[in-house]
2 protein chains.
Amino acid sequence: MRPEHIRVPALPPLPDPNHGDCRAVGSVLARVGDKWSVFVIMTLIDGPRRFNELKRTIGGISQRMLTLTLRGLERDGLVTRTVFPTIPPRVDYELTDLGRGLAAPVRSLGEWAFAHLPEIEGARTKFDGRNDG
Amino acid sequence: MRPEHIRVPALPPLPDPNHGDCRAVGSVLARVGDKWSVFVIMTLIDGPRRFNELKRTIGGISQRMLTLTLRGLERDGLVTRTVFPTIPPRVDYELTDLGRGLAAPVRSLGEWAFAHLPEIEGARTKFDGRNDG
DNA sequence: CTGTATCCGACGTGATACTG
DNA sequence: CAGTATCACGTCGGATACAG
């Protein structure tokens with residue numbers, strides 16, 4: 001039997017990624033997948049942090065991106081923003097219950113990624129090397 | 001006690017998001033977080049699929065982005081690409097063991113997202129409305 | 001059928017300067 | 001300290017045309 005005769009035998013029913021709900025899930029995944037959200041969430045797990053505390057702890061993030069990331073998380077109800085009208089001003093950011101709930105699966109994903117980093121990086125090197133030589 | 005006197009009591013040790021490993025984890029999260037990878041992974045859970053099968057099933061993805069997404073997943077060792085040298089050509093994509101392993105935490109995240117969609121969308125509406133009116 | 005090549009607009013990200 | 005405003009740049013993603 002040649003390759004062209006190998007048929008996938010009538011596909012089983014699919015979870016239909018087109019369904020609106022799956023699209024919406026995508027919007028959540030997009031937030032988690034942006035460059036900084038996960039770092040912020042993980043940093044806030046241990047308790048509330050101030051703006052510059054977050055900036056120093058995360059490191060490498062610009063003021064602008066930290067602001068935008070925090071706004072996004074706040075918009076999604078994952079983080080609260082508390083302003084203390086003092087001089088100098090102080091703003092605390094803290095995970096909501098919703099945010100803490102999200103942190104769990106995110107942590108799972110992170111742990112999986114960490115555990116399988118060697119395999120992934122090995123695969124990348126192998127793949128890239130194949131294209132060069 | 002006024003707000004400016006409320007002090008976070010000497011921060012507990014942090015998981016240091018600056019550590020190289022955490023950065024590397026970010027690169028995995030970045031893949032999962034891109035626009036299409038999760039859809040492709042979820043579609044491939046039930047078994048191997050051909051290029052246009054994926055395209056039709058996912059829907060809304062361009063030929064270009066499907067190609068790029070699949071190349072990325074292949075590069076990371078999450079998907080295999082099998083070419084059948086027939087006319088017309090046929091290419092099967094299938095999750096590797098590594099890819100199936102990733103699918104589990106991704107599914108957890110997706111289920112969390114699905115379960116909490118109302119809360120998130122509610123928070124978004126509330127946040128956006130506060131800015132308009 | 002399964003891609004690659006090209007163009008182009010939209011968006012994400014960073015650097016810098018400025019404000020309350 | 002905690003932002004906002006602006007600019008500059010690169011990448012992402014879509015549309016279209018072409019190729020094996």
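Hi everyone, let me start where the two protein chains meet: across the interface of chain A and chain B, the rule finds 4 salt bridges. A salt bridge here is a side-chain nitrogen of Lys or Arg within 4 Å of a carboxyl oxygen of Asp or Glu. One such pair is Arg75(A) with Asp128(B), at 2.8 Å from N to O.

Before I go on, a word about the model. It is a predicted one, where local features need pLDDT of at least 70 and side-chain atom pairs count only at pLDDT 80 or more, while totals for chains, interfaces and linings use all residues. Residues are numbered from 1 along each chain as its sequence is written, chains are lettered from A and ligands numbered from 1 in the order in which they are written, and side-chain values use heavy atoms, with hydrogens and water left out.

Back to the interface. How many residues of each chain are in contact? The count is 64 residues of chain A with 63 residues of chain B, where contact means heavy atoms within 4.5 Å. Together the two chains bury about 5700 Å², and 68% of that is on carbon and sulfur atoms. Buried area is the accessible area, with a 1.4 Å probe, that two parts lose on being put together, summed over both. In chain A, the residues that lose the most area to chain B are Arg75(A), Leu109(A) and Arg124(A), together 12% of what that side buries. So Arg75(A), our salt-bridge residue from before, turns up again here.

Now, how are the two copies related? Rotating by 180 degrees, with 0.0 Å of shift along the axis, superposes chain A on chain B with an RMSD of 0.1 Å. That superposition is by least squares on the C-alpha atoms of residues with pLDDT of at least 70 in both copies. The two copies are thus related as by a two-fold rotation axis. In chain A, Gly33(A) has the C-alpha nearest that axis, 1.8 Å from it. Both copies use the same surface, since 98% of the contact residues of chain A recur in chain B.

Next, the DNA. Around strand D there are 19 residues, and the closest are Asn52(A), Gln63(A), Arg81(A), Tyr93(A) and Met65(B). To count as near, a residue needs one heavy atom within 4 Å of the strand. Which part of strand D faces the protein? Of its atoms within 4 Å of the protein, 65% belong to sugar or phosphate and the rest to bases.

Let's look at some polar contacts, meaning pairs of N or O atoms within 3.5 Å; within protein, one must be able to donate a hydrogen and the other to accept it, and residues adjacent in sequence count only if both atoms are side-chain atoms. A side-chain N or O atom of Arg81(A) is 2.4 Å from a phosphate oxygen of strand D, and for Tyr93(A) that distance is 2.6 Å. From the other chain, Trp36(B) places a polar side-chain atom 3.5 Å from a phosphate oxygen of strand D.

Finally, strand C. It has 18 residues around it, and among those that come nearest are Arg64(A) and Gln63(B). Here we can see bases being contacted: Arg64(A) has a side-chain N or O atom 3.2 Å from a base nitrogen of strand C, and a polar side-chain atom of Gln63(B) lies 2.7 Å from a base nitrogen of strand C. Trp36(A), meanwhile, has a polar side-chain atom 3.2 Å from a phosphate oxygen of strand C. Thanks for listening!
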